[in-house]
Amino acid sequence: MVEPVPETISFTSEEEKILQFWNDKDCFYECLKQSKNRPRYTFYDGPPFATGLPHYGHILAGTIKDIVTRFAHQSGFHVDRRFGWDCHGLPVVNITRAPLRWVFKQLYDKGLVYQGVKVMPFSTACNTPLSNFESHQNYKDVQDPSVIVNFPLLENEGVSLIAWTTTPWTLPSNLALCVNPEYLYVKVKGENKEKSLPFCVSALYKQPSFLFLLRFPGKVLKGKKYKPLFQYFAKCAEKGAFQIVLDNYVKEEEGTGVVHQAPYFGADDYRVCTDYNIIQKDQAPICPVDASGCFTPEVTDFAGQYVKDADKNIIKWLKEHGRLVNASSFKHSYPFCWRSDTPLIYKAVPSWFIRVENMVEKLLDNNGKCYWVPEFVREKRFGNWLRDARDWAVSRNRYWGTPIPLWVSDDYEEVVCVGSMAELEELTGVKVTDLHRESIDSLTIPSRCGKGVLRRVTEVFDCWFESGSMPYAQVHYPFENRKEFEDTFPADFIAEGIDQTRGWFYTLLVLSTALFGKPPFKNVIVNGLVLASDGQKMSKRKKNYPDPGLIVQSYGADALRLYLINSPVVRAENLRFKEEGVRDVLKDVFLPWYNAYRFLVQNVQRLQKEENIQFLYNENTAKQSDNIMDKWIQSFTQSLIQFFKAEMDAYRLYTVVPRLVKFVDMLTNWYVRTNRRRLKGESGSEDCVWALETLFSVLFSMCRLMAPFTPFITEMMYQNLRHLIDPASVEEKDASSIHYLMLPQVRENLIAKRIESAVSQMQSVIELGRVIRDRKTLPVKYPLKEVVVIHQDPEALKDIQSLQKYILEELNVRQLTLSTDKDRYGIRLRAEPDHMVLGKRLKGAFKSVTASIKSLSNEQLEAFQKTGTIVVDGQELHEEDLRLMYTFDQSSGSAAQYEAHSDSQVLVLLDVTPDQSMLDEGVAREVINRIQKLRKKAHLVPSDEITAHNDFILATTKAPLLPFPVPKLALKGSDLEFTIVKGSSTPKISLNGPACAYVNIKVKVNNKDQGKGVVLLENPKGDNRLDLDKLKRVCGSIFGTNSNIRLFNGELTSKTDLQSLSGKTLVATSASSCPGSVSGDSLLCPYVNLMLCNAQPSGTCQTGEVGTLLLLNPVGKNGLDYSHLHYEVAKVFGLRGRRLKLYLDQDFNQDFVVRVLPTTAEA
């Protein structure tokens, strides 16, 4: 049985209850169990970060994955959801390590693995390289030496290039100079010699004696040779060292625009020198600095000196040898080791690489086979990264991690790659049960080349190699589950943040392409970054963002999910997180949605209680409503389902959620609002059932659609709504959770685009009218005379006409006038420029263009409305450049009467002239508003009786209003006194006996009494009068007699005036004459009189406001109880389907006063 829905709700408390329900039912496992025989949908989850609590970035990525996989499940797929197979460099079981070795072995066998070097942050105190993450943990402001050095050109040693550096210790390893090909450089003549300087930094040289000789782009310098500073590596000149090279990484913000290149001490230096073949990736590195940061013997002048200490000695050497131009100090931020708190250096470290550069074209081809959301990430950010892809360094110098399975000889000339545990056992002759390094580092492999034994290299895998291997590692491929993997690879879907274009997305693609020649996934959603509200990165230290746990405790998980998904971050843009945004989801989406659900349940229970109609919804047997708003919301729902499925199939969550949010608005603020009286049964029970079935079907469809996005609130609603579903209509074997149900199918026969268009036109008219009211400070409580709607399309006007009653009611106007002619009302268009847009674009021409815009004619602006472009003073302007407004021709007289507003298609005029009767009605509505607020404050429900007075107020408050001494309340310049009190008041009626003419009936068969009772000859008084034939039929209905009976009080004929017999007793018999005497004229059955006090009879009843109701008939049978009393009273006056109130007259205890609760419009 459906449960009552409370007026207020704590979404967080409800979510906790639902979470407990899921745990008790083991719903996640049950979903997998139910779907096990369905087609497979494969999802890969990226590796989570194992340290610390989740932040909004984790929550966002997890929400996207959860939504898509829930949608796939509800679309008929089986989805194995393994969330987070690995933990960034902390693999937990051997089962993942064996597939990693297999992957690496495949790459090695294909010739894709080689040993080279990688420039990395290096701690000389700890003798170890650091990750980029570690190197950014401890920056300090330091004073470093700043030196400018000259490099004479070999072709003319009188001309030198001038380079700047803050790391003099790298100068002994210099192999090249780099300039920007696009920058302008200058050749100047000083006191002693000519120098090539960058034009942009010439201000560094203050000597007035400099003479500028030439300006030229940097590309002119390409390939020129220069004189090395030191002779330590002079032989490298044979391989192209000591030349000028070009690259765009050189910037003009600092330095001289000439950057010296020490390729084994700078990542860009290494890249550029490799590109120019000055060094080779697999050659012995030119890196004369040991692990302690001291120069090796190759640097004879500074051997054994710590590099930072050697700076001053190197500067001294440069000065002595005429190579120093300037020496000073420079304050900047510099990285320190977070362990030892000593300065880091950048240094080449031996590393194992995977060749990526030779597969770039294949990577781009496979990337093109993947569907990216948003699409620009594939072509721009990720595509650009792939085009510039470099060989991948997959080794790391640390203890913890997966050991690289390479065994090498001491000279590294013999290398064995081991691809499995079995192979390792075979090569070492040792039983292997554990693949952690402490278990295998001691194992050796005999050399096949006479080099003794081979030992494992000390490096471990980069964690991104493990992450990129996850498709194979998570199913232990190829050692197990071979068919399962091959049937479901590539994955149907993955999702991560945009930063993973250089991380997980990249490593997945590289390994998949290298191993199988195809992409690892079919579809990918890329999200942006979640920033603090000030646009800065979220920082625990700065405490510039609210704790996610507290947000969930305050607003619930669903609200946070919907806020994140309905934001730019799902389009790979950044989001500035604001707590009020989560709060607004509750206020603008969840609460209206909840109130619509609550309103449905309230009226379903009212229908059962007051009219004894059991509500059960069956989509297959529900009758099609002929109400246009029912048809509209049904069509709108089916269009939403159609859109939802198409967009979710395309993974465009950023288009789906706004439509779902808009749908909540349409349902609550338009459908429920305009159909409240129907839903409350005020237009009859049949129409009420239609409206309730419509609202139920829409809410039920909405719950199923929203279930992937807001799993908690949809489950909460469904657990109550499911009791209103006809079990015969449920297709699922187990429907105990919303998440067991499939998504609703599109019912295309319910889609009516013409109706959707008509309602959209109506909404535009209403919204424009509301804007006018707001502009003129005219509350909707105050009625207005007329609304004029002007539209150029006659069909649109027909649509608006069909919804007239809703427009009149929502805008509270008396008359709707439709027209295609705005000239009739003296309306003209005028234009104003958008100062911000045009001012920035037109600059000096803005003033003259503005004047011309303001002088544009009505005809020119009408043409602009149609085309969207117009040329003004030679400038082409578009819709975003101008604001069109309507103005009245002052000679027309309409300016004082109407106020206008429009959108791009429809123009609305409201008659705003004051009218005293309407002002009075507005004040009455103000009173109603205050009464309803008092009612709410007193925690009363609609069925609670209160006292009131005035028919119009009665129409809304559903109760009479009487004066009562209370403090005065100021309202629109008047003093009002009112309050709500418990009780009722009824008018007095004076009746002696039944209000309607009646006769007693005694039935005799074979001279034996068969029963007795009463027939009313009219009801209500003066209406529905009986003739002889009708009297006989009524007798047959009451006593079960046939139509051949005869009636006697004296024999009755068709000419007998039955009204004259009122109060008499008749004998009904099949005999030809009256059997015995007729005696006794007192009323045989108990009765009550009825008086209709505030309405007119309707239906078959034409007149008469006083009637009679028999409480027993025949005598001793068919007793009337309270539950049927309202129904019978309504039938007397033709008011079935209307709400009635019955009041017992205190002075005449046989009389009831009937009060009808009318609609506001009727009042």
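In this predicted model, the largest nonpolar core holds 127 residues, and the members that touch the most others are Phe590, Trp593, Trp632, Leu653 and Phe709. The largest share of this core, 14 residues, is contributed by helix α18, which covers residues 579–611. There is also a second, separate core, this one of 62 residues, and Val147, Trp169, Phe265 and Tyr334 are among them. As background for anyone new to this, nonpolar side chains in soluble globular proteins tend to be buried together.

Let me stay for a moment with tryptophan 632. If we set aside residues up to four places away in sequence, tryptophan 632 touches Met666, Trp670, Tyr671, Ile755, Glu756, Val759 and Gln763.

Please turn now to the sheet of four strands, which is open, has mixed pairing, and follows the order β28-β27-β34-β33. Its edge strands are β28, residues 813–819, and β33, residues 898–902, each of which pairs on one side only. On average, and ignoring direction, neighbouring strands of this sheet are turned by 20 degrees against each other. In general, strands of a sheet pair through backbone hydrogen bonds, either parallel or antiparallel. Here β33 and β34, the latter being residues 906–911, pair in the antiparallel sense over five bridges, and histidine 901 has valine 908 in β34 as its bridge partner. Helix α24, residues 753–775, packs on the sheet, where it touches β27, β33 and β34, and its direction makes about 45 degrees with that of β34. Helix α25, residues 794–802, also packs on the sheet, touching β27 and β28, with its direction at about 165 degrees to that of β28.

A second example is an open sheet of three strands in the order β11-β7-β12, again with mixed pairing. Why is one side of β11 and of β12 left without a neighbour in the sheet? Both strands, β11 at 243–246 and β12 at 258–261, stand at the edges with a single partner strand each, so one side of each has no neighbour there. The twist in this sheet averages 35 degrees from one strand to the next. Strand β7, residues 176–179, runs parallel to β11 and is joined to it by four bridges, and alanine 176 has glutamine 243 in β11 as its bridge partner. Helix α6, residues 267–275, lies across β7, β11 and β12, running at about 85 degrees to β12.

Next, consider helix α28, residues 846–854, whose buried residues are Phe846, Val849, Thr850, Ser852 and Ile853. Seen down the axis of α28, these residues fall within an arc of 165 degrees, so they line one face of the helix. The elements that cover them include β29, α27, β30, β31 and β32.

I would like to close with two local details. Tryptophan 372 and phenylalanine 382 form a tilted aromatic pair, 4.9 Å centre to centre and with 40 degrees between the planes. Tryptophan 372 lies in strand β15 and phenylalanine 382 in helix α9, so the pair ties together parts that are 10 residues apart in sequence; both residues are buried. Finally, isoleucine 445, found in strand β20, is buried with a relative accessible area of 3%. Leaving aside neighbours within four places in sequence, isoleucine 445 is in contact with Trp407, Val416, Val418, Leu427, Thr428, Gly452, Val453 and Leu454.

How values were computed: Residues are numbered from 1 along each chain as its sequence is written. This is a predicted model: local features need pLDDT of at least 70, side-chain atom pairs count only at pLDDT 80 or more; totals for chains, interfaces and linings use all residues. Side-chain values use heavy atoms; hydrogens and water are left out. Two strands pair if DSSP finds at least two bridges between them. Helices (H or I, at least four residues) and strands (E, at least two) are DSSP runs, numbered from the N terminus. Axes are lines fitted to C-alpha atoms, for helices over the stretch in contact, and angles run from 0 to 180 degrees between N-to-C directions. Contact means heavy atoms within 4.5 Å. A nonpolar core is a set of buried Ala, Val, Leu, Ile, Met, Phe, Trp, Tyr and Cys residues joined through side-chain atoms within 4.5 Å. Buried means under 20% relative accessible area, exposed over 50%, partly exposed in between (1.4 Å probe, protein chains only). The arc is that of the directions from the helix axis to the C-beta atoms. Rings of Phe, Tyr and Trp (its six-membered ring) pair if their centres lie within 6.5 Å; planes under 30 degrees apart count as stacked, over 60 as edge-to-face and the rest as tilted.
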